[in-house]
Amino acid sequence: MQAHPTRFLHEHDPDDSDLARWLAEYASRPENREAVTHWETLPARPARHGELLPALPEAVQGALEAQGIARLYTHQVRAIEALRAGQDTVVVTGTASGKSLCFHLPVLERILEEPDATALYLFPTKALAQDQLKSVTRLTDAHLALAHVLQAGVYDGDTAASTRRRLREEANVILTNPDMLHAGILPQHARWARFLRSLRYVVIDEMHAYRGI
């Protein structure tokens, strides 16, 4: 099977020599000819932090500190500021740069200020929805006040009927996918009146384009 040309782009690491040797050996094999087309080392860049004004609610800040997060990155601050201003916001940054906090934090802030507020999270796969449910639950479990206000759950094809009913009636954060939104939520919008009436945030993670469907 012909290998597809691949561009390797990575951050500098003290153990890069091992990876470089492995790639050189990999690329030298006849069956992998032209598989590696480019190799580049990017120097590390210092983190850039910002200050959010006004500051996050004490409960949210406490939950962050419990997870070892003392300061927000500049892209997180700018995203939260834009969302507070009611602007549609797109965040495009590298892997593991804390993009999830860009929507978790303003959603939690809004729920603390407005107990009836709701948020809809859309993910392309069920697995991502489950991962993000764990992410936001881990954050809120770090502070008692947040744990009490968050009522979140995954609403997809695997969700039991009794759980679906409870989420419709009680949840303030629903994690689902585009298919379920169009097949199971919008056609039943009358049942979702409570949730949709108080909808404050719609989060699309990530931005994907589907073709041939």
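This report looks at one helix, one buried residue and one surface patch in a predicted model.

Helix H8 runs through residues 178–185, and within this helix Met180, Leu181, Gly184 and Ile185 are buried. Seen down the axis of H8, these buried residues fall within an arc of 110 degrees, so they line one face of the helix. An α-helix has 3.6 residues a turn, so residues three or four places apart point the same way. The face of H8 that is turned away from the buried side carries Asp179, His182 and Ala183, which are exposed. The cover over the buried residues of H8 includes strand S5 (118–122), helix H7 (161–170) and strand S7 (173–176).

A second place to look is helix H3, which spans residues 74–84 and contains Ala79. When neighbours within four places in sequence are left aside, Ala79 is in contact with Thr89, Val91 and Cys102. Ala55 lies 24 residues from Ala79 along the chain, and the C-alpha atoms of the two are separated by 14 Å.

On the surface, Val90, Val92, Val202, Ile204 and Met207 form a nonpolar patch, and together they have about 550 Å² of accessible area. Met207, a member of this patch, lies in the segment after strand S8 (199–204).

The table sets out the accessibility of Ala79 and Met207.

| Residue | Relative accessible area | State |
|---|---|---|
| Ala79 | 4% | buried |
| Met207 | 62% | exposed |

Ala79 counts as buried because its relative accessible area of 4% is under the 20% cut-off, whereas Met207 counts as exposed because its value of 62% is over 50%.

How values were computed. Residues are numbered from 1 along each chain as its sequence is written. This is a predicted model: local features need pLDDT of at least 70, side-chain atom pairs count only at pLDDT 80 or more; totals for chains, interfaces and linings use all residues. Side-chain values use heavy atoms; hydrogens and water are left out. Buried means under 20% relative accessible area, exposed over 50%, partly exposed in between (1.4 Å probe, protein chains only). Helices (H or I, at least four residues) and strands (E, at least two) are DSSP runs, numbered from the N terminus. The arc is that of the directions from the helix axis to the C-beta atoms. Contact means heavy atoms within 4.5 Å. Patches are made of residues with over 30% relative accessible area and no salt bridge: like charges are joined within 9 Å, nonpolar side chains (Val, Leu, Ile, Met, Phe, Trp, Tyr) within 5 Å. Accessible areas come from the Shrake-Rupley method with a 1.4 Å probe; for residues, only the protein chains shown count as cover. A salt bridge is a side-chain nitrogen of Lys or Arg within 4 Å of a carboxyl oxygen of Asp or Glu.
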